[in-house]
Amino acid sequence: MSADLREARSALNCGDLERAQVLLEQHLAQSPEDADGLERLAIVHCRRGDPLLGETLLKRALQRQPDHAAALHNLGALLQHQGRLDEARVLLERVVALQPQGADGWCNLGIVLQGLGQPGPALAALGRARELQPHHALALRASVPVLQSLDRTQEAISLLQAAAAHDPSQWEALEDFGNALYLRGDHRLASRAYGAVLAGHGATAELLANLGAAQLALDQPQSALVNVERALQLRPAYPEALANLSLALRQLGRQQEALGPCDQALNLRPDFAPAYIARGQALRELQRPQEALEALASAHALRPDDPELLADLALGHQECGQLAEALACFEAAQAARPDDADIRANLGICRLLATDQRRGWEAYEARFQRREPVEPLLRPAGPRWRGGPVATGPLLLVGEQGLGDMLQFVRYAPSLRDLAGQVALCVSEPLVELVAAAGLADSVWTPDQAIRHQGAWSPMLSIFQSLGSSPRDLPAPVPYLQVPAPRLEIWRQRLQRGDQPLIGLNWQGNPEAETGSLRGRSLPLNLLEPLSHVPGLQFVALQKGPGSEQLARCPFRERFCRSQDLVDGAWSLLDTAAIISACDLIISSDSMVAHLAGALGKPVWLLLKQVPDWRWGLAGESSPWYPSMRLFRQRRSGDWGDVIARLSCALQLEVPRLIAGSVADP
């Protein structure tokens, strides 16, 4: 090796490209075809921004010495950076054949193979590089996206964790990897990556806050609370952690406490949109809709183009009864994110609440694609019915959502016989006996029985979307449920009602369903105490399950009928229907009992929050769904006192008619 070549290599290693070039040109003037000199000069030109000349020099070196491993390797790397991957692969395969113990060659070959869409061979090549050089930094980094593409992200985390144990700088790479996982929505693996950094490297405020955020996304609020509080101990003035503390408290049902961290975050950073969002969400759950709307509007002013925030703002307007504003926000959010099923389904609900039936049912069909989808009781193997005649019957209508929804929509089974010839119903098991007794369909099945159905089927609440119509276009006479005479007679005797009118009371729906638009639909039994001041009446509690425990400490317990214990022990819905049929009037919150009373054609007074579920609309005392129903609406959000006062006055006026009916009742 000439002195010039030795000095040139030293200069190149030191980054002195100008001196290296001078020395190499001197060397090549003496030995113009020396492959080593050509290969080194090519590196100089590539580093100085002339890859075209570099490529020419490398090719000259290979013409002189075809098996020059360094020239092959560098030309392969150069072609790789230019995106000429097929050419690069050929060269790098020659490199690893010539130098099978060279980790760099295997590493670059693996990167090229990954770029060519061959993750399996790429991982094998990168694995070979790591075998030869266990802590090869580039091979470690390159292996991570390959493992991800093979759905082996946990192995990628373990690989980075092992690398960090040897090289502490890799802890930052693992934390960055966790951040990338979080941003792409893989919160479970992001949490594992953060946990690995926490266990191996120790806590920082940012790491703990990020771990808490991932745990919140995984619905682990207690763990999130611990980590976010630790983050705030390390950095008290940390708006992001304060906003996540609020979210954790809200998920734990501590909505009032959740407001404090939002205020602290906004004191630190008045333009911090996440704190306004967290505040708005907490206020919504506290049933303070106007304040919630103000907080969400402040967030929207800071993030006017955020479609998710637009959708939240739409819900805020909806809960304040501002449907025009809500619809405008939902439609803008959908335009920005047309494939978001949550936005589209909520737009459908808002349209239904605004009585825009046709477009409402069309948009509400997106409920099946939501992040937390609304699933029918089952999905049979047969084809989904999309309207029109059914070739081979029966058409199966599959129940969905709550018992009240099913009771509301079974009415349409007889009307669909004209299209299908035969209609079957699939409903939750508690409804089967009651619905079968009404003769609405040719068959009434439980989900276990209906799963064998091979013909056309439809979710119950999809029939109008399938028909391209609205409930006004499909006749469904009411009442459509009835109780067999023997069962009704049994309960008339058991209730021993005498000559006093009997009022059935139901005050609570299923608490697990009371989220979103259903939040706040129930009320405590003791708020109905003013009804007991109306003389000449007796009550029967129709409440079953959650909420029924309130009867024991009810301040007017003595006004309930002597047969209440028998009623409490009757869990069959056919028995509940018989008890309702034996009453003179039903007073109920928005629950399954209200639907059952309406379907039986019994007089039912329904207590509604200010902005109720979509089916009741925003105005009026009557319902097109149930002609025997009278609606008592909140005038102010959360104010049941005014509703009960109006209800008591109406009940006082109704007593003479009720007494006359009781006397005439056989």
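## Cysteines and burial

A residue counts as buried when its relative accessible area is under 20%. Cys-329 meets this criterion in the predicted model, because its relative accessible area is 11%. Cys-583 is likewise buried, with a relative accessibility of 2%.

A disulfide requires a pair of cysteine sulfur atoms within 2.5 Å. The cysteine sulfur closest to that of Cys-329 belongs to Cys-350 and lies 9.6 Å away, which means that the two are too far apart for a bond. Cys-583 is also in no disulfide: the nearest cysteine sulfur, in Cys-561, is at 8.1 Å. The count of disulfides for the model is zero.

## Enclosed cavities

Rolling a probe the size of a water molecule over the atoms reveals where empty space remains. In this model, two cavities of 30 Å³ or more are found.

The largest cavity has a volume of about 210 Å³. Its lining comprises 19 residues, and those nearest the centre are Glu-319, Arg-519, Lys-609, Val-611 and Ser-637. Two elements, α19 (307-319) and α21 (341-353), each give two or more residues to this lining. By class, the lining of the largest cavity consists of six nonpolar, eight polar and five charged residues.

The second largest cavity holds about 30 Å³ of space. Ser-517, Leu-518, Arg-521 and Asp-590 are among the residues that line this cavity, as are Leu-608, Lys-609, Pro-612 and Asp-613. The lining of the second largest cavity divides into three nonpolar residues, one polar residue and four charged residues. Lys-609 appears in the linings of both cavities.

## An open pocket

Which residues lie closest to the centre of the second largest pocket? The volume of this pocket is about 380 Å³. Its lining is formed by 24 residues, and Gln-357, Pro-471, Ser-623, Pro-624 and Trp-625 are the closest to the centre.

The residues that line the second largest pocket fall into three classes: 14 are nonpolar, six are polar and four are charged.

## Summary

The predicted model contains zero disulfides, and both Cys-329 and Cys-583 are buried. The two cavities of 30 Å³ or more have volumes of about 210 Å³ for the largest and about 30 Å³ for the second largest. The second largest pocket, with a volume of about 380 Å³, has 14 nonpolar residues in its lining.

Terms used:
Residues are numbered from 1 along each chain as its sequence is written. This is a predicted model: local features need pLDDT of at least 70, side-chain atom pairs count only at pLDDT 80 or more; totals for chains, interfaces and linings use all residues. Side-chain values use heavy atoms; hydrogens and water are left out. Buried means under 20% relative accessible area, exposed over 50%, partly exposed in between (1.4 Å probe, protein chains only). On a 1 Å grid over the protein atoms alone, a cavity is a set of points where a 1.4 Å probe fits but cannot get out, and a pocket is an open set with protein on both sides within 12 Å along at least five of seven lines; lining residues have an atom within 4 Å of a point. Grid points are joined across faces, edges and corners, and a volume is the space filled by probe spheres set on the points. Helices (H or I, at least four residues) and strands (E, at least two) are DSSP runs, numbered from the N terminus. Ala, Val, Leu, Ile, Met, Phe, Trp, Tyr, Cys and Pro count as nonpolar, Asp, Glu, Lys and Arg as charged, and the others, Gly among them, as polar.
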